[in-house]
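Please work through the following exercises with the sequence and the 3D structure open beside you. Try each task before reading the solution that follows.

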Amino acid sequence: VAAPRSPLFDKLPPRLGRDVLCMRTEDHYLRVYTSQGEALILMRMSDAEASLGQSAGRRVHRSWWVARSAVRASVIEDKTTRLILTNGLTVPVSRSRRQSLREQGWFHEDGSGKD
């Protein structure tokens, strides 16, 4: 039985594999970061999220989606929270999503990262 087609992976170059670490919107495009590199594709964030499913990660900011497995640590300064990813990127967490992500164990108030 063939694996179901995914609009996201149909647009990504095969050399990047399927290990999506995060995605960031750039105007009408989506920059997709994998463990093998990155690519800029024409796709809506909501469609890419649907391709990956809810168990893979979460939208942490209106313009960023992050795979939970990609979070290495968090940095909390004043009212600003950022996630440090395994590929070295620093991703902002919006104030509106901060509480929900903390309750789900994505980070701790002491900045020690996820569980």
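Helices and strands are here runs assigned by DSSP, a helix having at least four residues and a strand at least two, and they are numbered from the N terminus. The model you are looking at is predicted.

**Exercise 1. The chain as a whole**

Task: Find out how many helices and strands there are in the chain, and in what order the elements run from the N terminus on.

Solution: Begin by counting the elements, which gives three helices and eight strands. Next, follow the chain from the N terminus, and the elements come in the order α-β-β-β-α-β-β-β-β-β-α. Then consider how the chain is covered: of its 115 residues, 40% are buried, while about 6800 Å² of the chain is exposed, with carbon and sulfur atoms supplying 47% of that area. Finally, look at the confidence of the prediction, where the average pLDDT of the chain is 90 and 90% of the residues score at least 70. In the chain, β2 has the highest confidence, with a mean of 98, and β6 the lowest, with a mean of 92.

**Exercise 2. The nonpolar cores**

Task: Determine which residues have the most contacts inside the largest nonpolar core, and which elements give two or more residues to this core.

Solution: The largest nonpolar core has 18 residues, and inside it the most contacts belong to L8, L12, V20, M23 and V32. Moving from residues to elements, we find that two or more residues each are given to this core by α1 (7-11), β1 (20-26), β2 (29-34), β3 (37-41), α2 (45-52) and β5 (64-67). Now take M23 as an example and leave aside its neighbours within four places in sequence; its contacts then include L8, L30, V32, M45, A48, L52 and W64. As a last step, search apart from this core, where another core of 13 residues lies, with C22, V60, L85 and V93 among them.

**Exercise 3. Salt bridges**

Task: Work out how many salt bridges a search of the whole structure finds, and what parts of the chain the pair of R59 and E49 ties together.

Solution: It helps to recall that side chains of opposite charge can pair when their charged atoms come close. A search of the whole structure finds six salt bridges, and three of the pairs can be taken in turn.

1. R31 and E38 meet through their side chains in a salt bridge, with 2.9 Å from N to O. R31 is buried because its relative accessible area is 17%, whereas E38, at 39%, is partly exposed.
2. R44 and D47 form a salt bridge in which the closest N and O atoms are 3.0 Å apart. Here R44 is exposed, with a relative accessible area of 55%, and D47 counts as partly exposed at 32%.
3. R59 and E49 form a salt bridge with their closest N and O atoms 2.6 Å apart. Since R59 lies in strand β4 (residues 57-61) and E49 in helix α2, the pair ties together parts that are ten residues apart in sequence. R59 is buried, at a relative accessible area of 18%.

To finish, ask which salt bridges share partners: R24, E26, R31 and E38 are joined in this way into one network.

**Exercise 4. Two residues with positive phi**

Task: Locate D27 and D78, and decide for each whether it is buried or exposed.

Solution: Start with D27, which has a positive phi of about 55 degrees although it is not a glycine. D27 sits in the loop between β1 and β2, and with a relative accessible area of 81% it is exposed. Turn next to D78, another residue other than glycine with a positive phi, in this case near 55 degrees. D78 belongs to the loop between β6 (71-77) and β7 (80-85), and its relative accessible area of 78% makes it exposed.

**Exercise 5. A serine in a helix**

Task: Describe where S96 is found, and name the side chain with which the side chain of S96 makes a polar contact.

Solution: First place the residue: S96 is found in helix α3, which covers residues 95-103. Then judge its surroundings, bearing in mind that exposed means over 50% relative accessible area; S96, at 65%, therefore counts as exposed. The side chain of S96 makes a polar contact of 3.2 Å with the side chain of S94. Lastly, compare positions along the chain and in space: S96 and V60 are 36 residues apart along the chain, and their C-alpha atoms are separated by 9.0 Å.

Conventions. Residues numbered from 1 in each chain as written. Predicted model: local features only at pLDDT ≥ 70, side-chain atom pairs only at ≥ 80, totals over all residues. Heavy atoms only, no water. Core = buried A, V, L, I, M, F, W, Y, C linked by side-chain atoms within 4.5 Å. Buried < 20%, exposed > 50% of the residue type's maximum accessible area, 1.4 Å probe, protein only. Contact = heavy atoms within 4.5 Å. Areas by Shrake-Rupley, 256 points an atom, 1.4 Å probe, with all protein chains shown as cover. Polar contact = N/O pair within 3.5 Å; in protein donor to acceptor, adjacent residues only side chain to side chain. pLDDT = per-residue confidence, 0-100. Salt bridge = Lys/Arg side-chain N within 4 Å of Asp/Glu carboxyl O.
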